[in-house]
Amino acid sequence: NDVYDTCSAILTELGESIPEFYTLSESSEMIVETIKMYENAGEEWLKSDATVDKTLRNTLQLYRAITFASFFCKSHSMVVYFSSKAVQLSLSRGICEHTPLSLLQFTAVAIKDDNAMMCYRIAKNALSLRERFDLATQIPELYMNFYGRVAWRFEPFQAGVHKLRQCLDAGLSSGRSDIGLFCGLNEIKYALFSGANLKSLLKRIDYYLHLMETYRSEATKNNVLIIRETVSSLIDNGQATSIEASACVGDLNDPKNKLREAFFYYSAIRCFWLGHNGRCRYYGKKCIDLFWQGGQATSYVAKFYLGLNSLGLIRKKKKSEVQLNKEVVRVAIAAMKDAADNSDWNFSNKFRLLQAEHLSLNKRHDTFMYDESIESARKSGFIHEQGLACEKAGLYCKDVLNMEKALEYLNQARECYEKWGSDIKVAFIQKELDALKG
């Protein structure tokens, strides 16, 4: 808030207009307007001479700072406003060392399904400007926006993990602990997407919590504590891996509470893996409703697990809810198909598994679609989702009384979950295996 107020006051003195609030429709229009300005400027604009206008350079630097600050204390629409204003200023008045980060901040909040390729191109062009300007001190923030918000649509989740880990170290060593620790938070998130070994991930989380305690980063610390609880639950339901510290999530009914998205998302993920279908649906719907325009990676991952969860609820045949769950499944399959068109690596296995589970409702197909999901997850290194596809295939085979194939798939699932480090899932699969052998 202090950073926001200071930047706002100085920008006002420089003649910039700072609105009290900005609506969602206004922000959507501003995104379209800014992208159109970029397209009209053409790629040649990126090669134009750097501006010597000191006022412009100072103004862009202030917009950079207020964009980052508003992410924590203002609405998404306000973040769009500030990032768009910075890009429009640079497009109309000149390019400088602050332009690359302005472009990346803009694409990080503007990207959605219908402009993803264009935003990715803008972001890649912004990174290419590193060759023109000395941007060493900006690297953590540049990569945080690119790998944390944009690249996942087209590049492997694991690429984000690697780059964001580098940015944490770079941020701390350059005196930008706020940016570095935020990169660490996003690294953990993408590591979980990627199926990183849970026990190794838990150790890294605890190291990051120590850093956040040292640098007194409460906002980031609360986010990481929410993730830690999730990882602990996935390992052993917190029996031996939980800690006394817990996130201060505040009032979850307060629309200004920035922890709401993380709390509902990770609660849904925990409930899915632990088999709590009703609670997964409750938390899943909450987080989907909160995600702004579906532009975040977490919104797509949430749709995937919520879709699988709804298929499980359909099998329970509660008639009053079947139609609602079918719509959730339809939306999830469509979302995974669109996402897989851009990134086969990150989303093809998810699309195939949803298709397989959907077809299995009628018990009229063989396991080829499961096999495609298993192989796709294996190639992408998503050991957790490889195990999940094996588990679902095994339970389907059990359902159609093909016990030999059921044993084969469930044994594969157990092996995957062992590698993932999830003791609780290993125990679940072992129980199914024991029952089959019984």
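Reader: Is N237 buried, partly exposed or exposed, and what is its relative accessible area?

Author: In this predicted model, N237 has a relative accessible area of 40%, and because the partly exposed class runs between 20% and 50%, N237 is counted as partly exposed. The residue sits in the loop between helix 11 (218-236) and helix 12.

Reader: What is the phi of N237, and how should I read its sign?

Author: The general idea is that most residues other than glycine have a negative phi. In this structure N237 departs from that pattern, with a positive phi near 60 degrees in a residue other than glycine.

Reader: Where does L401 lie, and what is its phi?

Author: L401 belongs to the loop between helix 18 and helix 19 (403-420), and its phi is positive, about 65 degrees, although L401 is not a glycine. Its relative accessibility is 66%, and because exposed means over 50%, L401 counts as exposed.

Reader: Turning to the whole fold, how many helices and strands does the protein chain have?

Author: The protein chain has 20 helices and zero strands. Its radius of gyration is 23 Å, close to the 22 Å that the globule rule gives for 438 residues, so the chain is as compact as a globular protein of that length. Along the principal axes, the C-alpha trace spans about 80 × 45 × 40 Å.

Reader: What share of the residues is buried, and what share of the contacts joins residues 24 or more positions apart?

Author: Buried residues make up 56% of the 438 residues, and among contacts with a separation of 6 or more, 68% are between residues 24 or more positions apart. The chain also exposes about 19500 Å², with 50% of that area supplied by carbon and sulfur atoms.

Reader: How many cavities of 30 Å³ or more does the structure hold, and which residues are closest to the centre of the largest cavity?

Author: A cavity is a space where a probe fits but cannot get out, and this structure holds five of 30 Å³ or more. The largest cavity has a volume of about 160 Å³, and of the 13 residues that line it, F68, F71, A108, M144 and N145 are the closest to its centre. Helix 7 (139-150) is among the helices that each supply at least two lining residues, and helix 7 gives the most, with four. By class, the lining of the largest cavity divides into seven nonpolar, five polar and one charged.

Reader: How is the second largest cavity lined?

Author: The second largest cavity contains about 120 Å³ of space and is lined by 14 residues, of which L192, F193, Y265, I269 and Y305 lie nearest its centre. Helix 12 (260-274) is one of the helices that supply at least two of these residues, and the largest share, four residues, comes from helix 12. The lining has ten nonpolar, one polar and three charged residues.

Reader: What is the volume of the second largest pocket, and which helix gives the most to its lining?

Author: A pocket, in contrast to a cavity, is an open set of points. The second largest pocket has a volume of about 940 Å³, and G312, R315, E357, K392 and L395 are the closest to its centre among the 35 residues that line it. Helix 18 gives the most to this lining, with seven residues, while helix 16 (344-360) and helix 20 (423-437) are among the helices that each supply at least two. The lining residues divide into 14 nonpolar, nine polar and twelve charged.

Definitions and conventions:
Residues numbered from 1 in each chain as written. Predicted model: local features only at pLDDT ≥ 70, side-chain atom pairs only at ≥ 80, totals over all residues. Heavy atoms only, no water. 1 Å grid on protein atoms, 1.4 Å probe; cavity = no way out; pocket = protein on both sides within 12 Å on 5 of 7 lines; lining within 4 Å. Points joined across faces, edges and corners; volume = space filled by probe spheres on them. Nonpolar A, V, L, I, M, F, W, Y, C, P; charged D, E, K, R; others polar. Rg over C-alpha atoms; globule rule 2.2 N^0.38 Å. Buried < 20%, exposed > 50% of the residue type's maximum accessible area, 1.4 Å probe, protein only. Contact = heavy atoms within 4.5 Å. Areas by Shrake-Rupley, 256 points an atom, 1.4 Å probe, with all protein chains shown as cover.
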